[in-house]
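New to this one? Take a look at the model below, and then we'll walk through a few of its parts.

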Amino acid sequence: MIKGLSYQNGIFFIGKEYVACAFNNNGRISDWVKPVNITTIFFMINQVFFSMPSLFKLFTIIFMGLVFVPKLLLLFSFEFWTGLPFYFLFYYMFGTHFLFPTSLKKFHGAEHKVFSDRGIKKQSRLYQIRKAAITNEYCSTNSVVIYFSSVLIVSLILLTVLSFVESLMWASYASVVILIVINRTLNKRPMQIVKRFVISVSYYLQKHVTTTEPDRFHLMTAIRSYRKLANVEFPHLLEEKKIVKEKKKMAIVDVTIIPIGTNASSVSHYVADIHRVLEKYNKKIKYQLTPMSTIIEGELPVLFEVIQAIHEVPFEAGVQRVATNIRIDDRRDKASTLEGKLASVNEKLSDQSTPE
């Protein structure tokens with residue numbers, strides 16, 4: 001399964017064996033693809049950290065310092081404060097979803113739209129991808145909802161037997177285990193009520209907090225990153241499906257329509273009216289007037305429709321009786337056309353007329 005990870009400056013797409021990234025490189029899109037290993041993970045962390053806004057870096061450094069520095073000082077007998085508890089690291093990890101800067105929200109929205117789009121991810125389909133949903137059922141925001149909901153519920157339960165601080169501590173650690181269990185079982189039938197709650201809250205946060213409508217640049221970056229991964233891990237998802245056009249089964253009919261009971265011996269004006277009707281089917285058929293009949297070429301269902309239409313022409317002119325003679329040449333072993341039949345006969349005539 002492909003996973004996406006947006007950051008301040010670009011988007012990672014992660015497969016089973018490779019990680020691809022496209023990012024903003026001074027206003028231009030750059031990209032890379034690397035195998036999944038420890039070196040690549042550290043490279044990603046470095047790329048994410050140094051792309052953070054300065055205020056966010058400062059906040060991260062201060063936050064980590066408040067967690068670890070007092071505990072290190074305790075090792076040297078400086079006992080003034082134990083620092084923030086370790087479980088605050090979970091609050092940082094999940095809580096920063098609510099602090100995304102604008103650029104990250106746009107890359108996050110672009111990542112979701114690429115996932116939501118059902119077509120081939122390519123630049124020429126940018127308009128269609130832009131219209132895709134900005135929510136993603138498998139977004140990491142689900143984990144944020146599950147974790148903080150679990151902390152709240154478990155804390156309330158533990159408050160019946162423990163102090164507030166103890167309840168919060170145990171709830172914060174236990175919720176990590178609960179998160180893992182729920183993520184593994186969320187799609188099972190007994191968990192449908194939980195899933196509906198998680199998805200509904202997650203979709204609300206995705207729409208109003210963690211994403212925003214991406215610009216063209218962000219969408220192009222997302223497409224570039226996805227294609228970079230796809231080229232090495234699942235190239236079949238980038239292939240155009242060849243549409244096999246069904247061969248049209250063409251037939252030829254010879255039609256003679258005879259109005260009966262007319263006062264005049266000439267029927268040319270009826271023939272003219274019939275050909276005016278045939279002109280309406282110009283895009284679907286070919287036809288040829290002969291002294292004794294009309295020959296029409298087309299698909300059989302269309303030919304029957306045309307025959308019915310021209311059969312009605314004398315009736316519409318006031319004739320009370322019409323005799324229509326139809327001969328159908330429907331050849332299925334090879335294509336048969338008006339021009340082909342004539343060419344075949346002319347070819348044979350030409351061979352017979354060649355002098356010895």
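## A mostly covered helix

Let's begin with helix H4, which is mostly covered: of its 15 residues, 11 are buried. Keep in mind that this is a predicted model. The buried residues of H4 include Leu104, Phe107, Ala110 and Val114, and the charged-looking names Lys106, Glu111 and Lys113 are on that buried list too.

So what covers the buried residues of H4? The cover includes strands S1 and S2, along with helix H5 (126–130), helix H6 (141–158), helix H8 (192–210) and helix H9 (216–233).

## Checking the length of H4

Here's a quick bit of arithmetic. H4 has 15 residues, so at 1.5 Å a residue it should span 21 Å; its end C-alpha atoms are indeed 21 Å apart, which agrees.

## The sheet

Now for the sheet: it is open, with four strands in the order S1-S2-S3-S4 and antiparallel pairing. At the edges sit S1 (3–7) and S4 (28–35), each pairing on one side only. From one strand to the next, the twist averages 15 degrees.

S1 pairs with S2 (residues 10–14) in the antiparallel sense, over five bridges. If you want a spot to look at, find Tyr7, which stands opposite Gly10 in S2.

## Helices on the sheet

Helix H1 (residues 38–51) packs on the sheet and touches S1, S2, S3 (18–25) and S4. The direction of H1 makes about 155 degrees with that of S4.

H4 (residues 102–116) packs on the sheet as well, touching S1 and S2. Its direction makes about 160 degrees with that of S1.

Technical notes: Residues are numbered from 1 along each chain as its sequence is written. This is a predicted model: local features need pLDDT of at least 70, side-chain atom pairs count only at pLDDT 80 or more; totals for chains, interfaces and linings use all residues. Side-chain values use heavy atoms; hydrogens and water are left out. Two strands pair if DSSP finds at least two bridges between them. Helices (H or I, at least four residues) and strands (E, at least two) are DSSP runs, numbered from the N terminus. Axes are lines fitted to C-alpha atoms, for helices over the stretch in contact, and angles run from 0 to 180 degrees between N-to-C directions. Contact means heavy atoms within 4.5 Å. The expected span of a helix is 1.5 Å times one less than its number of residues. Buried means under 20% relative accessible area, exposed over 50%, partly exposed in between (1.4 Å probe, protein chains only).
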